[in-house]
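Got your viewer open? Take this tour one stop at a time, selecting each part as we reach it.

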Amino acid sequence: MRPLRAEIDLAALRHNLRELSKRAEPASVIAVVKANAYGHGVEHVLPALSEAPQLAVACIEEAVTLRKLGAAQPVVLLEGIFAADEIALCAREDFIPVIHDLRQLEWLRMQSMYPLKAWLKVDSGMHRLGFQPTDMKESIVAAKQLAHIEWLGIVSHFACADEIDHSHALMQLRRLDDLVLPEGWMRCLANSAALLQLDDVCADWVRPGLALYGMSPIADTTAADFGLHPVMRLRTEVLAVRLLQAGESAGYGQGFVAPSHGQLATIALGYGDGFSRTIPSGKVMVRIDDKSYPLVGCIAMDMALVWLGDDRVSPGDEVVLWGDGHAVELVAEAAQTIPYTLTTMLTARVHREVVNG
């Protein structure tokens with residue numbers, strides 16, 4: 001079997017859920033498991049999320065998958081419904097759509113035989129989905145006319161909560177605080193970044209995603225800075241080692257030229273596994289025997305190259321891409337991307353193995 005493995009540590013996931021729940025108190029946690037649990041494998045992580053009061057996904061297809069896997073909690077649909085015929089399924093399966101436009105409200109009105117719970121989304125400054133704050137009075141009136149809907153309250157999303165400058169997030173929060181809500185309506189505002197570094201945003205519900213999996217969304221920090229544990233450890237093995245002379249090239253397009261006499265390792269990792277071909281040569285470090293070495297040349301579909309210099313390794317030696325103290329946030333920064341993309345883009349070819357289940 002190909003040696004590229006993503007180890008999914010359920011003990012770390014349980015720890016993170018507990019830590020984030022404590023940080024959010026007295027608010028409750030909606031655990032976000034969209035995009036195949038941020039690439040971790042939703043079927044693997046669900047057993048560790050049984051204590052989460054609710055789950056959240058992007059769309060109804062992901063919610064149906066959760067039910068097939070045995071998830072019992074209510075499931076929030078962050079993008080709401082995409083057609084009127086999805087409403088019956090929401091009512092039957094306890095899916096809670098986030099309603100963000102008049103078209104969705106009309107679908108709910110048309111399907112009045114299906115009582116269900118729902119959130120109303122406010123566009124407080126992200127400018128993607130949601131009703132404008134200036135229109136919220138009328139939007140709430142229209143929503144409350146739907147007597148078969150149990151409105152839980154409002155949802156919004158911070159655009160810049162992960163930045164050092166909190167001015168935009170605080171502006172959004174002021175807009176939300178200015179809203180006059182019906183009695184009993186709750187608020188669900190904070191994503192991972194807001195939960196980790198903004199005050200007074202927890203409201204009634206929070207919905208951590210990235211932080212749940214032990215990754216920090218905030219630049220120049222890692223999950224460890226917030227007491228969180230990485231859930232994924234990505235590792236592979238050395239397939240072969242070549243001795244190069246100074247000036248010899250390797251890989252597609254002679255993408256790597258040896259700066260000196262030294263060793264070059266080929267490892268099982270490629271863009272067919274979701275590791276982008278655009279990652280710059282010599283920037284991303286991997287660990288072999290607790291030493292760091294750069295990925296060099298062009299990432300191929302199935303393989304990548306590691307420059308060892310004067311050091312020696314052998315075929316079969318373990319290579320750690322991230323985990324074991326080699327933070328995925330730092331790998332993402334070197335790869336000129338964000339940790340979200342590194343885990344969510346891993347393909348089905350990467351074997352996922354549960355540990356500490």
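## A loop with a twist

Asp-94 sits in the loop between H5 and S5, so start by selecting that residue in this predicted model. Its phi is positive, about 60°, even though Asp-94 is not a glycine. Is Asp-94 buried or exposed? Neither, quite: with a relative accessible area of 33%, Asp-94 is partly exposed.

## Two more backbone oddities

Now select Ala-37, which you'll find in helix H2, residues 34-38. Here's another residue that has a positive phi without being a glycine, this time about 55°. Ala-37 is buried, and its relative accessible area is 0%.

Next, pick Glu-25 and Pro-26 together. What kind of peptide bond joins Glu-25 and Pro-26? A cis one, with omega at about 5°. To get your bearings, Pro-26 belongs to the loop that links helix H1 (10-24) with strand S2 (28-32).

## Zoom out

Show the whole chain for a moment. How many helices and strands are there in the chain? You have 11 helices and 18 strands to look at. The C-alpha atoms fill a box of roughly 75 × 40 × 35 Å along the principal axes. The chain has 357 residues, and 55% of them count as buried. The chain exposes about 15800 Å², with carbon and sulfur atoms supplying 51% of that area.

Try colouring by charge, too. There are 31 positive and 44 negative charges, and the mean positions of the two sets are 3 Å apart.

One more thing about the whole chain: take its contacts with a separation of 6 or more, and 65% of them link residues 24 or more positions apart.

## Find the barrel

Select strands S2 to S9. Together they make a closed barrel of 8 strands, in the order S2-S3-S4-S5-S6-S7-S8-S9, with parallel pairing. For a detail, keep S3 and S4 on screen: these two run parallel and are joined by 3 bridges. Click on Leu-55 and look across to Val-75, its bridge partner in S4.

## Helix H4, two faces

Select residues 60-68, which make up helix H4. Which residues of H4 are buried? They are Ile-60, Ala-63, Leu-66 and Arg-67. These four lie on the same side of H4 because they span an arc of only 110° around the axis.

Turn the helix around, and the face away from that buried side shows you the exposed residues Glu-61 and Lys-68.

What do the buried residues of H4 pack against? Two helices are on the list, H3 (42-45) and H5 (87-93), along with strands S3 (54-57), S4 (75-77) and S5 (95-99). You've met H5 and S5 already: Asp-94 is in the loop between them.

Before you move on, look at what follows the helix. After H4 comes Gly-70, with a positive phi near 100°.

## A stop in strand S7

Back to the barrel: select Val-155, part of strand S7 (residues 149-155). Val-155 counts as buried, at 4% relative accessibility. Leave out its neighbours within four places in sequence, and Val-155 is still in contact with Val-98, Trp-119, Leu-120, Lys-121, Val-122, Cys-188 and Arg-207.

Got a distance tool? Try it from Val-155 to Trp-185: they are 30 residues apart in sequence, and their C-alpha atoms are 11 Å apart in space.

## Last stop: strand S13

Select residues 262-268, which is strand S13. How many of the residues of S13 are buried? The count is 7 of its 7, so mostly covered is a fair description, given that buried means under 20% relative accessible area.

S13 has antiparallel partners to show. With strand S10 (residues 232-244), S13 pairs over 6 bridges in the antiparallel sense. S13 is also joined to strand S16 (residues 303-309) by 6 bridges, again antiparallel.

Click on Ile-267 to see both pairings at one residue. Ile-267 is the bridge partner of Val-238, and Ile-267 also stands opposite Ala-304 in S16.

Finish on Gln-263, also in S13. At 8% relative accessibility, Gln-263 counts as buried. Setting aside residues up to four places away in sequence, Gln-263 touches Val-241, Arg-242, Leu-243, Val-306, Trp-307, Leu-308, Gly-309, Asp-311 and Arg-312.

Note on methods
Residues numbered from 1 in each chain as written. Predicted model: local features only at pLDDT ≥ 70, side-chain atom pairs only at ≥ 80, totals over all residues. Heavy atoms only, no water. Buried < 20%, exposed > 50% of the residue type's maximum accessible area, 1.4 Å probe, protein only. Arc of directions from axis to C-beta. Contact = heavy atoms within 4.5 Å. Areas by Shrake-Rupley, 256 points an atom, 1.4 Å probe, with all protein chains shown as cover. Lys, Arg positive; Asp, Glu negative; His and termini not counted. Charge placed at Lys NZ, Arg CZ, Asp CG, Glu CD. Pairing = 2+ DSSP bridges.
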